[in-house]
Structures are given as structure tokens and as C-alpha cells.
Amino acid sequence: VSYAGHQKPFIPRGIKPTQWEQRSSKGNRDASFLAVQHKAKSRNPQKFYLKYVLEVRRSSWRIPPGELAQLKRKYNNINTN
């Protein structure tokens, strides 16, 4: 999914949904679900809000190694400033 709700928005991430979240916050019932991110060390489920999901793909895809290295350099520089 492409998701605009975490610290690194718009970065596609592989997730495995585990359950729908039924709790409401401040009286609002925003549709959300719990999912475990692919390759997450802790394997703890994180909450994802449907309103922040930008795109969902059924097939997996891969960024070529050269392009991935370039993106990492670009976005690592942004995080350190």
C-alpha cells in the first residue's frame, strides 16, 4: 500500500492485515485496521486508517537497485537536516 499517515509517507510498504479496529477516538469512528509490516523485526501490528491509504496493489513490485540507492540518499539527507 501507499500510505500517507506515518513518519515516512507515500513510501510503498508491504503489509499483512490482521483485523479491523473497532475502537473510536474522541467519539469519531474512523475506519481503521491493524496490520503487520513486511520484514518488521517486532512483528507488532500497527494501526492504519483507511482515509490515509492512497493506493493498494495486489502484485508485488521492486525498485531497481540503482534507483533505490538514489532514493535512499535523497531521503536520508532530508531526515538529517
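In this predicted model, Glu21 is buried, its relative accessible area being 8%. Glu21 belongs to strand 2, which spans residues 15-21, and, when residues up to four places away in sequence are not counted, it touches Ser32, Phe33, Leu34 and Lys47. Since buried means under 20% relative accessible area, the value of 8% places Glu21 in that class.

The surroundings of Glu21 may be set within the chain as a whole. The chain contains one helix and five strands, and these follow one another along the sequence in the pattern β-β-β-β-β-α. Of the 81 residues in the chain, 15% are buried, and the chain exposes about 7,000 Å², of which carbon and sulfur atoms supply 50%. When contacts between residues at least 6 apart in sequence are considered, 31% of them join residues at least 24 apart.

Three of the strands are assembled into an open sheet with the order 2-3-4 and antiparallel pairing. Strand 2 and strand 4 stand at the edges of this sheet and each has a single partner strand, so that one side of each is left without a neighbour in the sheet. From one strand to the next, the twist averages 40°. Strand 2 is joined to strand 3 by six bridges, the two strands running antiparallel, and within this pairing Trp20 has Phe33 of strand 3 as its bridge partner. On the other side of the pairing order, four bridges join strand 3 to strand 4, which covers residues 46-49, and these strands likewise run antiparallel. Here Leu34 has Lys47 of strand 4 as its bridge partner, while Ser32 stands opposite Tyr49 of strand 4.

Strand 3, made up of residues 32-37, has six of its six residues buried and is therefore largely enclosed by the rest of the structure. The cover extends to both faces of the strand, with Ser32, Leu34 and Val36 buried on one side and Phe33, Ala35 and Gln37 buried on the other. Ser32, which lies in strand 3, is buried with a relative accessible area of 2%. Leaving aside neighbours within four places in sequence, Ser32 is in contact with Trp20 and Glu21, and also with Lys47, Phe48, Tyr49 and Leu50. For Ala35, with neighbours within four places again left aside, the contacts comprise Ile15, Lys16, Pro17 and Thr18, together with Asn44, Pro45, Gln46 and Phe48.

In soluble globular proteins, nonpolar side chains tend to be buried together. In the present model, the largest nonpolar core consists of five residues, namely Tyr3, Phe33, Ala35, Phe48 and Val53.

Aromatic residues were examined next, and the count of aromatic pairs comes to three. Phe33 and Phe48 form a stacked pair, with 5.6 Å from centre to centre and 10° between the planes. Because Phe33 lies in strand 3 and Phe48 in strand 4, this pair ties together parts that are 15 residues apart in sequence. Both Phe33 and Phe48 are buried. Tyr49 and Tyr52, in turn, form an edge-to-face pair, for which the centre-to-centre distance is 6.3 Å and the angle between the planes is 90°. The members of this second pair are partly exposed, with a relative accessibility of 23% for Tyr49 and of 34% for Tyr52. Trp20 is grouped with Phe33 and Phe48 in one aromatic cluster.

Beyond strand 4, Leu50 is placed in the loop between strand 4 and strand 5, the latter comprising residues 53-55. Leu50 is partly exposed, with a relative accessible area of 38%, whereas Ser32, one of the residues with which it is in contact, is buried at 2%. Not counting residues up to four places away in sequence, Leu50 touches Trp20, Ala31, Ser32 and Phe33. Although Leu50 and Phe33 are 17 residues apart in sequence, their C-alpha atoms are 7.7 Å apart in space.

Definitions and conventions. Residues numbered from 1 in each chain as written. Predicted model: local features only at pLDDT ≥ 70, side-chain atom pairs only at ≥ 80, totals over all residues. Heavy atoms only, no water. Buried < 20%, exposed > 50% of the residue type's maximum accessible area, 1.4 Å probe, protein only. Contact = heavy atoms within 4.5 Å. Areas by Shrake-Rupley, 256 points an atom, 1.4 Å probe, with all protein chains shown as cover. Core = buried A, V, L, I, M, F, W, Y, C linked by side-chain atoms within 4.5 Å. Pairing = 2+ DSSP bridges. Axes fitted to C-alpha atoms, helices over the stretch in contact; angles between N-to-C directions. Phe/Tyr/Trp six-rings, centres within 6.5 Å; stacked < 30°, edge-to-face > 60°.
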